[in-house]
Amino acid sequence: MATSPATVRALIAAATAAPQFRQLHAHLVTSGRLASLGPALLRRLISLPSSHLHLPIAHRLLLSLPSPSLDLFNLLLPPLASSPDPAAAADLFLRLRREGLRPDAHTLPHVLKALARLAPGSLPLVASTHAEAVKSGLLRAVVYAANALMAAYSACGHLTRAMQMFDEMPRRTLVSWNTALTACADNDRHDRCAGLFAEMVEAGFEPDPTTFVVMLSAAAELGNLALGKWAHGQVVSRRLDMTLQLATAVVNMYAKCGAVSYASRLFERMTARNVWTWSAMIVGYSQNGMAREALELFDRMKRASVAPNYVTFLGLLCACSHAGLVDEGHRFFYEMQDVYGIKPMMTHYSAMVDVLGRNGRLQEAYDFVMDMPVKVDPVVWRTLLSACQLHCSKDCIDIVDKVEKRLLELEPRRSGNYVMVANIYSDIGSWDKAAKARRVMREGGMKKMAGESCIEVGGLIHRFISGDDSCPGFEGACRILHHLNLNMRKWEPADKLSLIDADQ
């Protein structure tokens with residue numbers, strides 16, 4: 001006797017486990033009821049609190065439906081866009097278009113969210129989605145579609161297009177301003193954030209915690225303590241809710257701007273901390289030469305049962321490098337993989353090379369690079385070359401030759417590499433090789449980029465370029481440096497790793 005539609009509907013409403021959903025899907029296919037009851041099964045799948053566990057079943061179900069409607073695609077796109085596999089959302093969007101359906105205001109934001117997560121390779125699809133949104137009029141009619149498109153362009157590294165989107169928006173919300181601020185910060189244009197913030201306030205928008213997270217991050221990356229203090233003061237004066245993310249951004253800002261004592265006091269006062277909070281403080285200690293404090297804090301982090309992440313270990317390796325803790329560096333590098341299952345990124349490999357190379361273990365550093373299970377990028381080779389420059393002697397000339405060959409194959413037009421190689425050869429008395437490196441650079445039309453540094457004084461950023469004596473106060477600064485030079489203790493060997501060519 002055939003099961004009645006009412007009974008099937010009742011079974012769908014009661015289903016909670018994957019085997020039940022598979023059986024129901026199979027029944028709908030074999031009984032010829034897929035078209036009529038398939039949408040109800042899909043809605044049940046998506047409505048469950050654990051719907052993310054059933055996404056593969058829901059995806060297959062939707063693709064098996066004959067002529068599914070746009071609202072069914074819109075039902076599945078949001079969870080797929082947030083899932084570990086955003087490519088499934090992009091594929092579903094392409095299927096939707098092949099079915100002849102036109103995306104609406106509920107489709108685009110989630111598709112663009114998925115494409116942002118697939119950046120930068122998703123840029124062509126972002127551009128075609130942009131064109132479709134313009135033709136349909138959605139871009140001007142729906143503000144959150146424009147916000148999502150701006151975020152997608154930013155994720156693809158196209159800040160100009162993202163800001164063009166922002167400039168052309170007929171109506172903006174607070175989310176629009178925060179998205180524009182985030183785009184500038186994510187694309188290393190932190191200097192634009194302060195001006196954009198001023199425009200936002202002038203336009204009558206009240207900044208929220210997200211706004212100040214971005215502003216504090218910009219101040220941290222610029223090393224602008226005055227800007228960071230101002231942003232922190234604004235949070236306090238506006239009596240904004242000090243969320244965990246916002247408090248972590250404050251700690252990170254003070255640590256990166258060198259005010260480690262401020263960062264530490266705020267960290268200790270926090271009633272709740274997550275892995276990013278602990279990592280920000282560990283990195284702050286590491287970057288400010290406080291290696292022991294970084295390692296002790298990591299021990300506290302483990303006692304607090306907070307699992308470290310990739311940033312935590314980057315900070316620990318940095319601490320080991322500056323403090324000469326080679327054995328500890330080795331331990332952390334392998335603990336990261338073997339204990340916590342964190343796959344090393346290229347920055348971790350580079351940091352480990354720095355741990356070995358900075359402490360004179362050049363052959364060991366070279367062997368470590370050669371044993372890397374991934375393709376070595378130029379930064380790793382440059383880190384090893386910098387270590388050779390720090391410990392240059394005739395004993396390391398063989399390593400220098402090998403590293404030079406590899407690095408110049410990868411970056412044949414980077415002038416800083418030739419300058420570093422020429423300087424190493426000069427230091428060890430290999431004048432012919434030094435002259436050859438400079439000749440190749442000269443004949444290739446490459447010029448050494450002038451060294452550049454910045455300093456914050458009184459809330460203003462002052463920029464200095466090597467060889468440029470036109471800046472205000474140049475003569476006074478030279479006099480002070482001369483007096484300091486007369487009174488400074490001379491240390492040997494100089495840490496040339498801190499004097500790496502500004503072209504890097």
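Reader: How many residues does helix α16 have, and what span does it reach from its first C-alpha to its last?
Author: Happy to start there! This is a predicted model, where local features need pLDDT of at least 70, side-chain atom pairs count only at pLDDT 80 or more, and totals for chains, interfaces and linings use all residues. Residues are numbered from 1 along each chain as its sequence is written, and side-chain values use heavy atoms, with hydrogens and water left out. Helix α16 (a DSSP run of H or I, at least four residues, numbered from the N terminus) covers residues 244-256, so its expected span, 1.5 Å times one less than its number of residues, can be compared with the model. The helix has 13 residues and comes close to that expected value, reaching 18 Å.

Reader: Is α16 largely enclosed or open, and why?
Author: Good one! Buried means under 20% relative accessible area, exposed over 50%, and partly exposed in between, with a 1.4 Å probe and protein chains only. In α16, 10 of the 13 residues are buried, so the helix is largely enclosed by the rest of the structure.

Reader: Which elements cover the buried residues of α16?
Author: Those buried residues include Leu 246, Val 250 and Tyr 254. Among the elements covering them are α14 (209-222), α15 (225-237), α17 (260-269) and α18 (275-287).

Reader: Which residue just after α16 takes a positive phi?
Author: Look just past the end of the helix, which is residue 256. The positive phi there is about 90°, and the residue is Gly 258.

Definitions and conventions. Helix = DSSP H or I, 4+ residues; strand = E, 2+ residues; numbered from the N terminus. Contact = heavy atoms within 4.5 Å.
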